[in-house]
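Welcome, and please get your viewer ready. We will go from one stop to the next, with something to select each time and a short note on what is there.

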Amino acid sequence: VQAVYNVESAMVEDVYTLVKTKPKEGWELQLGSSYNVPTSVWERLDARAAAKLPWGLSVQYLISYDGITESLAYNDIAVTKDLHCREITLRYSGVREEIWLEFSLNAFPRTKLLAGTSDDELLFEAQGIEELIKLVE
């Protein structure tokens, strides 16, 4: 638990909580929140569940509620296949209604190539490529 205290107003402004647990080998659960004391609003509620499965597979579920907009910020589920030096992930975003196929190299975890679909559009994205180019220069 963490709190933000305003000395001028002599009030606690925000309270943050984070609880992590590993109930068994290969499983992780995480819950977090942000509460604004003066407005009595839960600004954010987050949950994450992840599990390692057989055959080099893992599954992860993320959900986040934005109390300010009173809507879901995230509602994603992903299945990842570990291919030793690289990973392929199939991700579904319930909030954006998008499906993404992601490819990444373990040596450059912030560099990803993505192909996805949303409505009737085919989407392509490259993340972290500038970092990779700087290493080559």
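**Stop 1: a buried acid and its partner**

Select E102 to begin. With 8% relative accessibility, E102 counts as buried, because buried means under 20% relative accessible area. Keep in mind as you look that this is a predicted model.

Now add K112 to your selection. The side chains of E102 and K112 meet in a salt bridge, 3.7 Å from N to O. This pair links distant parts of the chain: E102 is in strand β8 and K112 is in strand β9, ten residues apart. K112 has 23% relative accessibility, so this residue counts as partly exposed.

Which residues are joined with E102 into one network? Select R91 as well: R91, E102 and K112 are joined by salt bridges that share partners.

**Stop 2: more salt bridges**

How many salt bridges does a search of the whole structure find? The search finds five.

For another one, select E98 and R96. Their closest N and O atoms are 3.0 Å apart, and the two residues form a salt bridge. Are they buried or exposed, or in between? E98 is buried, with a relative accessible area of 13%, whereas R96 is partly exposed, at 40%.

Next, select D46 and R44. Here too the side chains meet in a salt bridge, with an N to O distance of 3.2 Å. D46 is partly exposed, with a relative accessible area of 29%, and R44 is also partly exposed, at 31%.

**Stop 3: a nonpolar patch on the surface**

Select Y61, I77, I88, L90, Y92, I99, L101, F103, L105 and L113 together, and show the surface. These residues make a nonpolar surface patch of about 850 Å². Two elements give two or more residues to the patch: β7 (86-93) and β8 (98-105). Which element gives the most? That is β8, with four residues.

Pick out I99 from the patch. I99 is found in strand β8, and its relative accessibility of 40% makes I99 partly exposed. Patch residues need over 30% relative accessible area, so I99 passes that cut-off.

**Stop 4: the largest pocket**

Now look for an opening. The largest pocket has a volume of about 460 Å³. Select R48, K52, S58, Q60 and T80: of the 25 residues that line this pocket, these are the closest to its centre. Which elements give two or more residues to the lining? They are β3 (27-36), β4, β5, β6, β7, β8 and β9 (108-118).

Stay with S58 for a moment. S58 sits in strand β5 and is partly exposed, at 22% relative accessibility. Draw a distance from the C-alpha of S58 to the C-alpha of W100: the two atoms are 16 Å apart in space, and the residues are 42 apart in sequence.

**Stop 5: two loops with positive phi**

Select W55, which lies in the loop between β4 (41-52) and β5. Its phi is near 65°, a positive value in a residue other than glycine. Is W55 buried or exposed? W55 is exposed, with a relative accessible area of 70%.

Then move to H84, in the loop between β6 (71-82) and β7. The phi of H84 is near 70°, again a positive value in a residue other than glycine. H84 counts as exposed, at 74% relative accessibility; the cut-off for exposed is over 50%.

**Stop 6: A115 and E125**

Select A115, which is found in strand β9. A115 counts as partly exposed, at 28% relative accessibility. Add E125: these two residues are ten residues apart along the chain, and their C-alpha atoms are separated by 6.5 Å.

**Last stop: colour by confidence**

To finish, colour the chain by pLDDT. The chain averages a pLDDT of 88, and 95% of the residues score at least 70. Where in the chain is confidence lowest, and where is confidence highest? Select helix α1 (residues 129-136) for the lowest, at a mean of 68, and then strand β5 (residues 57-66) for the highest, at 96. You have met β5 before on this tour: S58 is in that strand.

Notes:
Residues numbered from 1 in each chain as written. Predicted model: local features only at pLDDT ≥ 70, side-chain atom pairs only at ≥ 80, totals over all residues. Heavy atoms only, no water. Patch = residues over 30% accessible without salt bridge, like charges linked within 9 Å, V, L, I, M, F, W, Y side chains within 5 Å. Areas by Shrake-Rupley, 256 points an atom, 1.4 Å probe, with all protein chains shown as cover. Salt bridge = Lys/Arg side-chain N within 4 Å of Asp/Glu carboxyl O. Buried < 20%, exposed > 50% of the residue type's maximum accessible area, 1.4 Å probe, protein only. pLDDT = per-residue confidence, 0-100. 1 Å grid on protein atoms, 1.4 Å probe; cavity = no way out; pocket = protein on both sides within 12 Å on 5 of 7 lines; lining within 4 Å. Points joined across faces, edges and corners; volume = space filled by probe spheres on them.
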